[in-house]
Amino acid sequence: MKKEFLDLGQQPIANNFLTPDQFDGEYFFNLKVGFDEDTCLVSLLDFVDKSMLFNENYVYQSSGSQTMRKHFSDAAKLIPKGSRVLEIGSNDGVFLKHFDTKQAIAIEPCSNFAAITGDLGYKTYAEFWDTDMAEVIVSEDGEQDYVFSANCFCHIPTLDEAFQAIHKVLKDGGIFIFEDPSLGKMIERTSYDQIYDEHAHIFSVTALKKALARNGLTLTKVEPLSVHGGSNRIYACKNPSGEIDRSVHEHLIEEDQAGLNKMETYEKFAKRIRASKISLVHILKENKNNGRGYKTISYGATSKSTTVFNYCGIGPDLIEYITDTTPDKQGKYSPGMHIPVVPYEGNFDETVDYAFLGAWNFIDEIKKKEHDFLMRGGRFITHVPIVRIIGG
Ligand code: TYD
């Protein structure tokens with residue numbers, strides 16, 4: 001049984017950047033989070049219907065940053081040459097395109113993206129992942145040596161069925177490699193903006209070990225990653241013949257010490273989030289009202305910032321606009337708070353004094369790129385791991 005520990009209030013669809021004619025009918029839901037003491041899963045209390053989140057209008061592009069392009073090019077090297085690989089949630093093909101079209105197939109429910117990898121020559125099923133799909137793939141394409149999936153399994157409310165489907169599609173000894181944001185890192189950094197409609201769960205290694213085992217898969221290795229504000233890459237095997245890597249035991253011990261198995265930890269986390277909101281709003285109001293005419297914008301129109309802006313009540317009065325490099329987000333407005341999203345080019349200019357890091361997870365890439373901004377006295381604002389101003 002999930003027990004609620006956090007209420008982030010009324011929230012819109014996090015990636016639904018919209019036009020003014022869509023403001024009136026905008027969908028909102030109550031974003032609440034709970035912890036289940038039996039399964040150790042941290043999940044949303046209410047899941048948003050999957051077809052509202054993942055459809056032909058999906059805008060998030062995995063290849064939108066240098067960091068992620070390099071990340072997926074490195075990840076592709078994990079799959080031995082000649083082995084058959086299925087990618088689940090292939091987005092714009094940032095991982096897939098490192099393989100021969102005969103070696104790799106994909107499944108992607110957002111048909112706009114499925115069409116892109118289809119055009120590149122990869123067989124792409126524009127479907128959601130479940131046991132029926134696993135059966136289709138086994139009969140049409142055969143059992144797979146590897147399955148890879150990044151930032152996708154945490155999107156699936158029916159996690160047990162999704163793991164059963166992996167069990168069906170893998171050959172004996174086959175390996176499932178998947179990566180998702182880390183619950184431990186989210187708690188450590190108070191990065192509560194990892195919580196939004198798409199993230200049905202935020203995984204601990206402890207919860208994953210149990211869920212995989214319930215569905216016939218063995219957790220064999222854990223690799224911490226820096227992407228997406230701190231993630232874990234999980235290796236699971238169907239009937240493994242080798243040994244379990246020591247990283248599994250190490251992560252379980254670490255999570256036990258961090259209290260990830262106790263409700264109390266989540267209640268403290270919720271308390272820190274309430275304090276974070278007060279500090280962030282204070283800085284933004286100070287910028288606005290101190291009479292110095294500061295211009296404050298946001299950098300990166302992320303799903304994460306949808307949670308922050310709606311939870312903290314931050315709108316265009318405090319953040320003039322959001323710059324983003326994704327063409328499909330530009331010219332639209334942020335979900336819920338309706339802050340204009342504008343192209344990065346021509347808008348991240350010398351008139352900007354402060355930029356809230358909506359894409360704080362790319363802080364190293366952004367600081368490098370915006371060296372001149374910092375040199376001329378520009379400042380970044382972030383709420384991770386605590387609310388603070390960067391620069392100066
Ligand atoms: P990400 O942090 O992966 O978003 P989400 O919270 O939705 O998972 O997305 C980063 C967004 O920021 C994406 O829309 C591209 C944009 N971006 C920029 O505009 N400039 C940049 O320099 C970087 C790194 C990202």
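How many bridges join strand β10 to β11? Seven, and the two strands run antiparallel. Keep in mind that this is a predicted model.

Let's stay with that pair. β10 covers residues 218–225. β11 covers residues 231–237. Together β10 and β11 form a hairpin, with five residues between them. Look at H228 in the turn: its phi is positive, about 50°. For one contact along the hairpin, take L219, whose bridge partner in β11 is A236.

Now the other neighbour. Strand β8, residues 170–181, is also joined to β11 by seven bridges. This pairing is antiparallel too. Here E179 has R233 of β11 as its bridge partner.

So how does β11 sit, buried or exposed? Seven of its seven residues are buried, so the strand is largely enclosed by the rest of the structure. Check the side chains by direction. S231, R233, Y235 and C237 point one way. N232, I234 and A236 point the other way. Both sets are buried. Take C237 from the first set: its relative accessible area is 7%, so C237 counts as buried.

That brings us to cysteines. How many disulfides does a search of the whole structure find? Zero. Take C40. What is the closest cysteine sulfur to the sulfur of C40? The one in C154, at 18 Å. That is too far for a bond, because a disulfide needs the two sulfur atoms within 2.5 Å. C40 is itself buried, because its relative accessible area is 5% and the cut-off is under 20%.

Conventions
Residues are numbered from 1 along each chain as its sequence is written. This is a predicted model: local features need pLDDT of at least 70, side-chain atom pairs count only at pLDDT 80 or more; totals for chains, interfaces and linings use all residues. Side-chain values use heavy atoms; hydrogens and water are left out. Buried means under 20% relative accessible area, exposed over 50%, partly exposed in between (1.4 Å probe, protein chains only). Helices (H or I, at least four residues) and strands (E, at least two) are DSSP runs, numbered from the N terminus. Two strands pair if DSSP finds at least two bridges between them.
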